[in-house]
Number of protein chains: 2
Amino acid sequence: MVDYQERFDIIIKKLKDNGHKITPQRIGVIKIMAGSEGHPSVEKVYEQLQNEFPTMSLATVYRTVLLIKSLGEALELGFPDGSNRYDANKPYPHPHVICVKCGKIIDPDISSLQDMQQEIADETGFKILTHRLDFFGICSDCPS
Amino acid sequence: MVDYQERFDIIIKKLKDNGHKITPQRIGVIKIMAGSEGHPSVEKVYEQLQNEFPTMSLATVYRTVLLIKSLGEALELGFPDGSNRYDANKPYPHPHVICVKCGKIIDPDISSLQDMQQEIADETGFKILTHRLDFFGICSDCPS
DNA sequence: ATTTTAATTGAGAATGATTACTATTTAGTA
DNA sequence: TACTAAATAGTAATCATTCTCAATTAAAAT
């Protein structure tokens, strides 16, 4: 888990540097996304902001998430069922371990991924830009 | 690339064994999906069947793909932009290398994935069921 | 501190991929 | 050949996401 305040400041600065306005709604969304370890969905972010911003539009959350993503400050995780979840705490590609029962997502430590990427590049002739690695299973809190 | 005829026969047999009827439409869909190396989308399968079945419904392709998937004979690859592509030639989890320009998908050989899965299980306490590993980049046929 | 202006917002409509529905057709069995 | 449950075609419904547009507002200029 990267320091929340640091991530918050970086994202706010990036918005300013690119000429975007700092609105209360954006601050609210970024507060949640920069500090969240749980890889929240847009709906979850929206729900968490209902107390502070009762009249906030769901579209605003979508727009803000899209903006942060386009600035490279959030990682989007799309799943086969169509759901999307986001990580603005560690916005660079990294592996995930996902519980198929409760939806929990954790970030494991893996050593050998960099070697693998080079191996792939050599074998296929591709210029590799990014990657995605997810493991699906059942966590120790859920009945298997 | 697994032998086309073998995959075709296996999928047809699985349908029969589970009490599903063998219709011309299903044969058409399976013919394409069992032999295709290009990981086609539902739309692509539908287009390729237009000559043989001009009145076929897109819904039928969706239903057939869903059925094959539920029988474990097709792998679904969902992407962040919402598109889905399928592999019924190699229906078990395996890595992909995807060109972000032209959409080409190829299957590289990777050695160390099994070790990695065990490492993850030990570290997180998860019972790992499946995984997904994709590399995104630009292929040697596309201008970079 | 006001004014100005372009960006942002809220609310709801539009979109697009997928699934559900229903009357009709058909595969597989006797 | 007839029977019956399953499958199909065509279309409507769904649902997450994006778009539209009038009203609001952040931030720069005065």
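A polar contact here is a pair of N or O atoms within 3.5 Å; within protein, one must be able to donate a hydrogen and the other to accept it, and residues adjacent in sequence count only if both atoms are side-chain atoms. One such pair joins protein and DNA: a backbone N or O atom of Thr55(B) sits 2.9 Å from a phosphate oxygen of DNA strand D.

Before going on, a word on the model: it is predicted, local features need pLDDT of at least 70, side-chain atom pairs count only at pLDDT 80 or more, and totals for chains, interfaces and linings use all residues. Residues are numbered from 1 along each chain as its sequence is written, chains are lettered from A and ligands numbered from 1 in the order in which they are written, and side-chain values use heavy atoms, with hydrogens and water left out.

Back to the DNA. Chain A joins in too, with a polar backbone atom of Ile22(A) 2.9 Å from a phosphate oxygen of DNA strand D. From chain B, the side chain of Gln25(B) puts an N or O atom 3.0 Å from a sugar or linking oxygen of that strand.

Now look at where the two protein chains meet. Each gives 35 residues to the contact (heavy atoms within 4.5 Å). There are zero salt bridges between chain A and chain B (a side-chain nitrogen of Lys or Arg within 4 Å of a carboxyl oxygen of Asp or Glu). What you do find across this interface is ten residue pairs in polar contact, both residues at pLDDT 80 or more.
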